[in-house]
Amino acid sequence: MLRQFSISFAMALTLGSQPIWAQETTDVDPHAGHGSSATPMDGMKHKSMSDGDMSMDGMDMKGERGHHTDVHGDETMDKQMDGMGSMSEQGALGAPRVQGGKPPLDARDPHAYSGGYDFRPTPRLRLGDEHSLGALWVDRFEMVRSSNNTSAAYDLQGWYGRNYDRVVIKAEGDYDNGKLESSDTELLWSHAVSGYWDAQLGARYDSGDGPNRGWLAVGMQGLAPYWFELDITAYVGDSGRTAVGLEAVYELLFTQKLIFQPRLEAMAYGKSDDARGLGSGLSDLALGLRLRYEIRREFAPYVGVEWAGTFGGTADNVRNEGQDTSEARAVAGVRFWF
Amino acid sequence: MKHKALNQTQYHSSLLPDTGRRRFVQGMAAGSLLLGLAPWSKSALATASAQTLTGLAPVLAGTEFDLSVAETAVNFTGRARMATTINGSIPAPTLRWREGETVTIRVTNHLKVSTSLHWHGIILPYQMDGVPGISFTGIAPGETFTYRFKVGQSGTYWYHSHSGFQEQTGMYGAIIIDPALPENVRVDRDYVVQLSDWTDEDPMVVFAKLRKMSAYYNFKQPTVADFSRDVGDMGMKGALGKRRMWNRMRMNPTDLADISAYTYTYLMNGTTPDDNWTAMFKPGERVRLRFISSGTQSFFDVRIPDLKMTVVQVDGVNVEPVTVDEFRFGPGETYDVIVEPKDDRAYTLFAQDMGRSGFARGTLTARPGLEAEVPALEKIEWLTMRDMMGNMAGMAGMNEMAGMDHSAHAMTGDAAMADMTGANAVHVRHARTEYGPSVDMRVNSPRTNLDDPGIGLRNNGRRVLTYADLHTIGGPLDSRGAEREIELHLTGNMERYTWSFDGLEFGKSTPIHFRHGERLRVILHNDTMMTHPMHLHGMWSEQETADGEFLARRHTISVQPAQRISFLVTADALGRWAWHCHLLYHMDAGMFREVVVA
């Protein structure tokens with residue numbers, strides 16, 4: 001079981017009192033009755049609608065849910081109009097959601113027009129939606145230069161499957177002096193649960209310095225409003241070990257090919273693992289800024305800087321080894337995919 | 001007219017011996033065309049790799065046709081590629097039929113994979129419709145399939161493969177059906193102008209790229225530089241406001257076309273813009289241009305600077321003439337226009353793609369060797385709130401938006417204003433399958449006006465055709481009102497690159513049943529940010545206004561973002577039919593239904 005801090009940590013990472021994917025897809029009070037048939041004057045719809053599209057403002061974590069909704073409840077139509085200069089009230093009142101949500105009771109049955117007919121048994125047409133596809137993304141393949149050392153790192157993700165269910169492999173690791181410093185590799189089943197979010201379930205294997213560790217993994221990966229790519233996973237291992245990891249990426253287009261990418265990665269553990277030098281609580285955090293040039297979409301060299309720090313018991317362990325608990329690094333590498 | 005059409009061919013071969021690097025292959029191509037008619041030998045294909053005839057489609061007339069599908073080599077970009085062609089040419093031969101006659105078309109497949117030909121817009125028995133897996137089993141390698149049907153209509157149509165991505169790799173051609181009665185559109189010259197898009201890439205690879213990175217081909221995405229400029233123009237608040245909704249919803253305001261000139265070369269009659277397809281006229285003549293939109297993923301905005309175009313026929317059906325400067329058409333649609341150039345000069349036929357990444361181009365000239373100025377590509381225009389939200393955005397922005405969003409403001413015709421005030425409020429019923437991962441947005445207050453030419457064409461200073469301008473001569477085929485309504489939503493998830501009806505891709509769908517003989521109203525409601533050319537096989541789509549007034553008889557109707565349109569169908573064609581978005585990559589992603597008329 002996750003300890004309390006892990007849970008709250010996960011909450012913090014998920015931008016509010018509700019995980020963001022839940023806001024998008026399920027956080028609907030069935031009694032609110034806000035369907036597409038909502039009447040325009042039903043002011044009560046405002047709240048349920050607000051839940052649908054939480055902004056990143058929610059990161060501040062303050063306040064109760066209701067407060068949160070009132071302050072940050074910038075559901076789409078409302079804000080859209082606000083953004084257009086000013087807003088008359090009627091747009092916000094009772095407008096049904098435009099993304100996510102649950103179908104109203106009177107939603108159409110998409111098979112209602114079939115009249116009982118089905119495809120003929122003869123070889124029927126099969127289109128791309130019934131064909132599997134694979135991809136491999138090597139997001140980071142880089143040399144890492146700190147003040148007194150040069151190492152190498154990789155970070156890749158591969159998938160195979162159709163549109164909504166895929167096998168996913170994630171692998172990340174560091175090499176130092178030709179030796180694998182640390183690596184974690186995950187094998188997951190990924191299932192689309194909403195427009196922009198996939199739920200993932202599988203296993204993770206850590207190796208490198210210290211004993212190897214196996215974990216069960218459950219997480220969410222997707223795209224949050226304002227184009228933040230998020231990957232949040234909780235882990236449960238042997239001996240009551242728990243952990244939670246976060247990766248957040250944003251991309252800013254300077255030009256169509258020159259792309260600036262801030263990236264945050266963090267890892268926290270439920271209890272210390274001295275054999276691996278890990279303390280409980282927030283353990284590692286890295287903030288990187290990379291600038292890549294897409295020679296082709298599939299191939300982009302980059303340079304960047306990264307700040308990486310250790311915290312809590314992990315930092316103590318690092319300190320005891322006579323090393324710095326944080327460092328700034330220069331990185332250079334290539335992103336490629338196919 | 002037939003003679004004039006043939007003149008076009010003669011003109012090309014005799015008056016324009018052309019020095020372009022692609023032209024030289026045509027000598028060889030003529031030979032390969034003959035080869036194409038002979039039984040194909042694999043060794044010939046492997047060693048000689050026959051060249052594709054491009055730029056002039058041979059005209060085949062009569063009632064008996066032999067068509068041969070094979071791989072032939074082509075070079076549109078400087079790199080040799082294999083195309084799939086019909087009788088060795090791109091476009092495929094123009095088929096000239098006569099209304100009332102029965103045509104027999106033997107199609108032999110020399111490919112290593114199954115093929116098919118679909119006669120787009122032709123009313124015929126479903127077994128002849130040519131959709132593998134629905135109308136028939138397809139034409140296996142080495143086999144000959146014989147299509148035979150009575151031609152009961154006249155006008156401009158086209159045909160193409162309905163198998164895989166063969167349409168992208170060269171399998172499309174024009175059909176001209178002469179009316180049984182004397183043609184009432186009288187002209188001095190008559191040209192087919194078939195527009196298409198070509199990629200050197202394997203279309204399967206293109207599709208895979210879109211599924212891995214849907215913005216792969218979009219090189220007009222909002223950048224930091226755009227933002228800075230907007231801050232300068234409209235202040236920080238305005239610049240942020242312009243982006244807020246797009247960014248919140250994770251949608252891209254410049255995603256108009258999915259695929260761009262990054263990979264596409266746009267062709268006019270199988271000819272690149274550089275090679276400049278050319279047609280002749282004499283000043284004072286009436287010239288009919290039969291524009292056929294055969295791009296697989298491209299909408300074209302067509303104009304001829306300094307010439308008015310009078311649209312006389314749409315989708316093969318004569319309409320009350322309407323004179324315009326420009327029209328947009330999507331894959332599948334055909335527009336016949338009359339031009340009357342008076343001056344002894346050249347004119348440019350200019351067809352820029354909707355995403356403003358490239359263009360197809362040709363020349364209409366009074367004398368050989370002349371060219372006219374080629375207009376610059378216009379700047380891409382961001383989709384507006386109205387394109388995304390329908391009328392809700394219009395209501396909200398009525399006062400404030402006008403200053404910032406010219407296009408949204410400009411498009412308000414009377415009908416739009418009526419919508420804005422809620423007079424035409426519609427009751428939208430989304431399918432329950434539109435609330436899951438297959439759908440990235442829903443439109444709750446669609447726009448129903450048809451007097452909007454669409455994004456990029458609003459208020460451009462030119463008279464642009466809209467669907468509200470189209471009136472089929474003679475009214476609807478069936479005077480009955482609708483006995484039943486079917487509401488279908490056009491859906492998708494751009495980020496995942498999934499496309500569907502009602503949130504269900506074809507593989508998860510069930511057929512749609514039309515009761516034989518019924519008169520049916522079909523409502524198409526676009527819950528996406530893209531324009532979808534919707535093509536119902538086998539039966540006419542008789543488009544109407546939001547108020548139920550008949551407009552035009554169509555085989556392909558483009559539905560704009562956040563738009564809701566309706567048409568009436570008489571379900572008089574027994575059998576199984578395809579119904580799909582004619583953007584090939586949307587179709588293949590699953591934006592496709594089978595219709596059962598029984």
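In chain A, 49% of the contacts with a separation of 6 or more link residues 24 or more positions apart. For chain B the corresponding share is 77%. Both values come from a predicted model, so a look at its confidence scores comes before the architecture.## Confidence

The model scores ipTM 0.85 and pTM 0.85. Chain B averages a pLDDT of 88, and 86% of its residues score at least 70. Two stretches of chain B call for caution. Over residues 1-48 of chain B, pLDDT stays under 50, and the model has 61 contacts beyond four places in sequence for them. Residues 394-423 of chain B also stay under 50, with 62 such contacts.

## The two chains

Here are the basic counts for each chain.

| Chain | Helices | Strands | Residues | Buried |
|---|---|---|---|---|
| Chain A | six helices | 13 strands | 338 residues | 36% |
| Chain B | eleven helices | 33 strands | 598 residues | 60% |

## A six-stranded sheet in chain B

Let us start with an open sheet of chain B. Its six strands follow the order 13-12-15-20-17-18, and their pairing is mixed. Strand 13 (264-268) and strand 18 (317-324) of chain B stand at the edges; each has a single partner strand, so one side of each lacks a neighbour in the sheet. On average, neighbouring strands of this sheet are turned by 20 degrees against each other, direction ignored.

Strand 20 of chain B, residues 334-339, is mostly covered, with five of its six residues buried. Strand 20 of chain B pairs with strand 15 (residues 287-293) of chain B in the antiparallel sense, over six bridges. B:I292 stands opposite B:T334 of strand 20 there. Strand 17 (residues 309-314) of chain B also runs antiparallel to strand 20 of chain B, and four bridges join them. One of the residues involved is B:T310, whose bridge partner in strand 20 of chain B is B:I338.

Moving on to the edge, strand 17 and strand 18 of chain B pair in the antiparallel sense over five bridges. Here B:V311 has B:V322 of strand 18 as its bridge partner.

## The nonpolar cores

B:V311 turns up again in the packing. The largest nonpolar core has 152 residues, and B:V311 is among those with the most contacts inside it, together with B:I175, B:L195, B:F291 and B:A351. Which residues is B:V311 in contact with, leaving aside its neighbours within four places in sequence? They are B:V319, B:P321, B:V322, B:V324, B:F327, B:Y335, B:V337 and B:L465. Another core, of 22 residues, lies apart from the largest one; A:Y196, A:A243, A:V244 and A:L282 are among its members. As background, nonpolar side chains tend to be buried together in soluble globular proteins.

## A five-stranded sheet in chain B

A further open sheet of chain B has five strands in the order 25-33-32-27-30, again with mixed pairing. Strand 25 and strand 30 (556-559) of chain B are the edge strands, each pairing on one side only. Neighbouring strands in this sheet are turned by 25 degrees against each other on average, direction ignored. Strand 27 (residues 532-536) of chain B pairs with strand 30 of chain B in the antiparallel sense over four bridges. Within strand 30 of chain B, B:I557 is the bridge partner of B:M534.

## Where the chains meet

Finally, the interface: 65 residues of chain B are in contact with 63 residues of chain A. Several elements of chain B each supply at least two residues to its side, including helix 4 (203-212), helix 7 (391-397), strand 23 (484-493), strand 25 (512-514) and strand 33 (592-597). Helix 5 of chain B gives the largest share, eight residues. By type, the residues on the chain B side divide into 31 nonpolar, 17 polar and 17 charged.

Helix 4 of chain B deserves a closer look. Its buried residues are B:P203, B:V206, B:F207, B:K209, B:L210 and B:R211. What do the buried residues of helix 4 of chain B pack against? Their partners are strand 1 (133-146) of chain A, along with strand 12 (189-199) and helix 11 of chain B. Strand 12 of chain B also belongs to the six-stranded sheet, and helix 11 (584-589) of chain B supplies at least two residues to the side that touches chain A.

Key. Residues are numbered from 1 along each chain as its sequence is written. Chains are lettered from A and ligands numbered from 1 in the order in which they are written. This is a predicted model: local features need pLDDT of at least 70, side-chain atom pairs count only at pLDDT 80 or more; totals for chains, interfaces and linings use all residues. Two residues are in contact if their C-beta atoms, placed from the backbone, lie within 7 Å. Ala, Val, Leu, Ile, Met, Phe, Trp, Tyr, Cys and Pro count as nonpolar, Asp, Glu, Lys and Arg as charged, and the others, Gly among them, as polar. A residue is buried if 20 or more other C-beta atoms lie within 10 Å of its own, exposed if 12 or fewer, and partly exposed in between; C-beta atoms are placed from the backbone. Two strands pair if DSSP finds at least two bridges between them. Axes are lines fitted to C-alpha atoms, for helices over the stretch in contact, and angles run from 0 to 180 degrees between N-to-C directions. pLDDT is the predictor's confidence in each residue, from 0 to 100. A nonpolar core is a set of buried Ala, Val, Leu, Ile, Met, Phe, Trp, Tyr and Cys residues joined through C-beta atoms within 7 Å.
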